[in-house]
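Work through the exercises below with the sequence and the 3D structure at hand. Try each task before reading its solution.

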Amino acid sequence: MKYFLFALLVLALALPACQPSAEVADKIGVVVTLLPQAEFVESVAGDKVEITVMVPPGASPHTYEPTPSQMTALTQAVMYAKVGSGVDFELVWMDKLLEVSQQMLVVDCSKGIELQGAVDEHGQEHEGLDPHIWMSPLNAMSMVSTICDGLVQVDPENAAFYWQNRDAYLRELAQLDQDIRESLAGVQNQTFMVYHPAFGYFAREYGLTMIPIEVEGKEPTPAGLVRLIEQAEEGGIKVIFASPQFNPESAGVIAWEIDGRVVLVDSLARDYIANLHLLLGELVEAIE
Ligand SMILES: [Zn+2]
């Protein structure tokens, strides 16, 4: 049924009535999947682009479905920057989105990034890939460079502008990486517990161990919950990280059992650098 409605939508969009409005006609339409990518594009392209984010604030990229207005934006876009690391939204929708807008250049932000396996509650890698590549600033630097290459390809006239902005933003990201290394240098207990396992690349980059409560998109079983509580107690964990998108009861149950607290951190905030500083602050406080 979903695809039938989608087919109707595609037909409707194919009618000649859909012209780009004059207001945005002089800007380049760029589509991204996730909010942090919007910041990456904006940092490189400034106001030369009109950015459409497919997964809006508060929505989960593991379950979100596109809206008609997003489809319209797609027909006017010249570039789509996909995450490319197995984000559910892209696995389900990417082929359909490309049918709607065949003229777009598609850049793959995971290009050059070594994908890692998802991690379970024992810190062991799973068969499935961990899609959350952007949570490591070093990966973010690679993503920004890939996005810049794409912008130069679709708009070569402004190449010098894009390169200059890219270099400035890459310096900020390198500084962020430096700040994280310095802040975590004196940390004793380098294990943290998080509901949704969005911090795997971050943890590996900085030598931390992430214990996820949710594994492969599923809540823990009652027995699993007991094991997690024991693990948290043994590890001296006092903070359970959850997020605005993923903050279920189990996070609160574990926090209550260990006499700790739930702290919300967002892996999908648009303001990438400021957000990672926030995460860093909470993390240092939680594991010190
Ligand atoms: Zn996720």
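The exercises go from the whole chain to a sheet, a helix pair and a single residue.

This is a predicted model, in which local features need pLDDT of at least 70, side-chain atom pairs count only at pLDDT 80 or more, and totals for chains, interfaces and linings use all residues. Residues are numbered from 1 along each chain as its sequence is written.

**Exercise 1.** State how many helices and strands the protein has, and what percentage of its residues count as buried.

Solution. Step 1: the secondary structure comes to eleven helices and ten strands. Helices (H or I, at least four residues) and strands (E, at least two) are DSSP runs, numbered from the N terminus. Step 2: of the 288 residues, 39% count as buried; buried means that 20 or more other C-beta atoms, placed from the backbone, lie within 10 Å of the residue's own.

**Exercise 2.** Find the strand order of the open sheet of four strands, and the helix α4 that packs on the sheet.

Solution. Step 1: the order is β2-β1-β3-β4, with parallel pairing, where two strands pair if DSSP finds at least two bridges between them. Step 2: β2 (49-53) and β4 (105-108) are the edge strands, each pairing on one side only. Step 3: from one strand to the next, the twist averages 20°. Step 4: strand β1 (residues 28-32) is joined to strand β3 (residues 77-82) by four bridges, and Gly 29 has Ala 77 in β3 as its bridge partner. Step 5: helix α4 (residues 68-75) touches β1, β2 and β3, and its direction makes about 130° with that of β1. A contact here requires C-beta atoms, placed from the backbone, within 7 Å.

**Exercise 3.** Describe how helices α6 and α7 are arranged.

Solution. Step 1: the axes of α6 (residues 137-154) and α7 (residues 159-184) come within 9 Å and cross at roughly 175°. Axes are lines fitted to C-alpha atoms, over the stretch in contact for helices, with angles from 0 to 180 degrees between N-to-C directions. Step 2: α6 is therefore roughly antiparallel to α7, a term for angles over 145 degrees. Step 3: the residues that meet include Leu 138 and Val 144 in α6, and Trp 163 and Leu 170 in α7. Step 4: the residues of this contact divide into 16 nonpolar, one polar and two charged.

**Exercise 4.** Locate Asp 259 and decide whether it is buried or exposed.

Solution. Step 1: Asp 259 lies in the loop between α10 (249-257) and β10 (261-264). Step 2: it has 8 other C-beta atoms within 10 Å, so Asp 259 is exposed, the limit being 12 or fewer.

Notes: Parallel < 35°, antiparallel > 145°, perpendicular 65-115°, else oblique. Contact = placed C-beta atoms within 7 Å. Nonpolar A, V, L, I, M, F, W, Y, C, P; charged D, E, K, R; others polar.
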